[in-house]
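Student: I have a structure open on my screen and would like some help reading it. Could you take me through one part of it slowly?

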Amino acid sequence: MSSVVKKPEGGNTDTGDHHNQKTEWPELVGKSVEEAKKVILQDKSEAQIVVLPVGTVVTREYRIDRVRLFVDSLDKIAQVPRVG
């Protein structure tokens with residue numbers, strides 16, 4: 001018999017040993033870089049935030065302290081920011 005673990009609404013909390021910190025911020029899409037940084041640092045004070053143009057090729061290693069912000073030509077958040 002299999003079981004399904006349902007994530008909390010929005011699926012943006014970590015259920016590991018990281019004190020249930022958020023791991024993604026879908027509410028920031030369309031916001032400014034400065035606004036996004038402020039919100040992310042309130043939720044995850046140790047975050048190393050990296051700002052990149054959308055479509056930038058990045059390495060695939062996972063870093064629990066990194067959040068990448070992919071921005072459009074107007075410096076607005078173009079993709080959901082996620083830990084990694």
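To begin with, what does the accessible surface of the protein chain come to, and what percentage of it belongs to carbon and sulfur atoms? After that, please give me a close look at strand 2 (66-71).

Tutor: Happy to! This is a predicted model, in which local features need pLDDT of at least 70 and side-chain atom pairs count only at pLDDT 80 or more, while totals for chains, interfaces and linings use all residues. Residues are numbered from 1 along each chain as its sequence is written, and side-chain values use heavy atoms, with hydrogens and water left out.

The accessible surface of the protein chain comes to about 5,900 Å², and 52% of it belongs to carbon and sulfur atoms. Accessible areas come from the Shrake-Rupley method with a 1.4 Å probe, and for residues only the protein chains shown count as cover. Of the 84 residues in the chain, 27% are buried. Here buried means under 20% relative accessible area, exposed means over 50%, and partly exposed lies in between (1.4 Å probe, protein chains only).

A quick map helps before we zoom in. The chain has 1 helix and 3 strands, arranged along the sequence as α-β-β-β. Helices (H or I, at least four residues) and strands (E, at least two) are DSSP runs, numbered from the N terminus.

Now to strand 2. Because 6 of its 6 residues are buried, strand 2 is largely enclosed by the rest of the structure. Its side chains go two ways: Arg66, Arg68 and Phe70 point one way, and Val67, Leu69 and Val71 point the other. That fits a general rule: in a regular strand the side chains alternate between the two faces of the sheet.

What sits beside strand 2? The strands form an open sheet of 3 with the order 1-2-3 and mixed pairing; two strands pair if DSSP finds at least two bridges between them. Strand 1 and strand 3 (82-83) are the edge strands, each pairing on one side only. Strand 1 and strand 2 run parallel and are joined by 6 bridges, one of which links Gln48 to Arg66 in strand 2. On the other side, strand 2 and strand 3 pair in the antiparallel sense over 2 bridges. Here Arg68 has Arg82 as its bridge partner in strand 3, and Val67 has Val83.

Helix 1 packs on this sheet, touching strand 1 and strand 2, and its direction makes about 160° with that of strand 2. Axes are lines fitted to C-alpha atoms, for helices over the stretch in contact, and angles run from 0 to 180 degrees between N-to-C directions. Contact, by the way, means heavy atoms within 4.5 Å.

Look at helix 1 (residues 33-43) from its own side too: Val33, Ala36 and Ile40 are buried. They cover an arc of only 65° around the axis, which puts them on the same side of helix 1; the arc is that of the directions from the helix axis to the C-beta atoms. Strand 1 (48-53) and strand 2 are among the parts that cover these buried residues. The face turned away from that buried side carries exposed Glu34, Lys38 and Gln42. The spacing has a simple background: an α-helix has 3.6 residues a turn, so residues three or four places apart point the same way.

Val67, Leu69 and Val71 of strand 2 then turn up again in the largest nonpolar core, which has 11 residues, including Val33, Ala36 and Ile40 as well as Trp25, Leu28 and Val83. Helix 1 and strand 2 each supply at least two residues of this core. A nonpolar core is a set of buried Ala, Val, Leu, Ile, Met, Phe, Trp, Tyr and Cys residues joined through side-chain atoms within 4.5 Å.

Val83 is worth a click as well. Leaving aside neighbours within four places in sequence, Val83 is in contact with Arg66 and Val67, and also with Lys22, Thr23, Trp25, Lys44, Tyr62, Arg63 and Ile64.

Finally, look at the loops on either side of strand 2. Ile64 lies in the loop between strand 1 and strand 2 and counts as partly exposed at 35% relative accessibility. Its C-alpha atom is 8.8 Å from that of Thr23, 41 residues away along the chain. In the loop between strand 2 and strand 3 you will find Asp75, whose phi is near 60°, a positive value in a residue other than glycine. Asp75 counts as partly exposed, at 47% relative accessibility.
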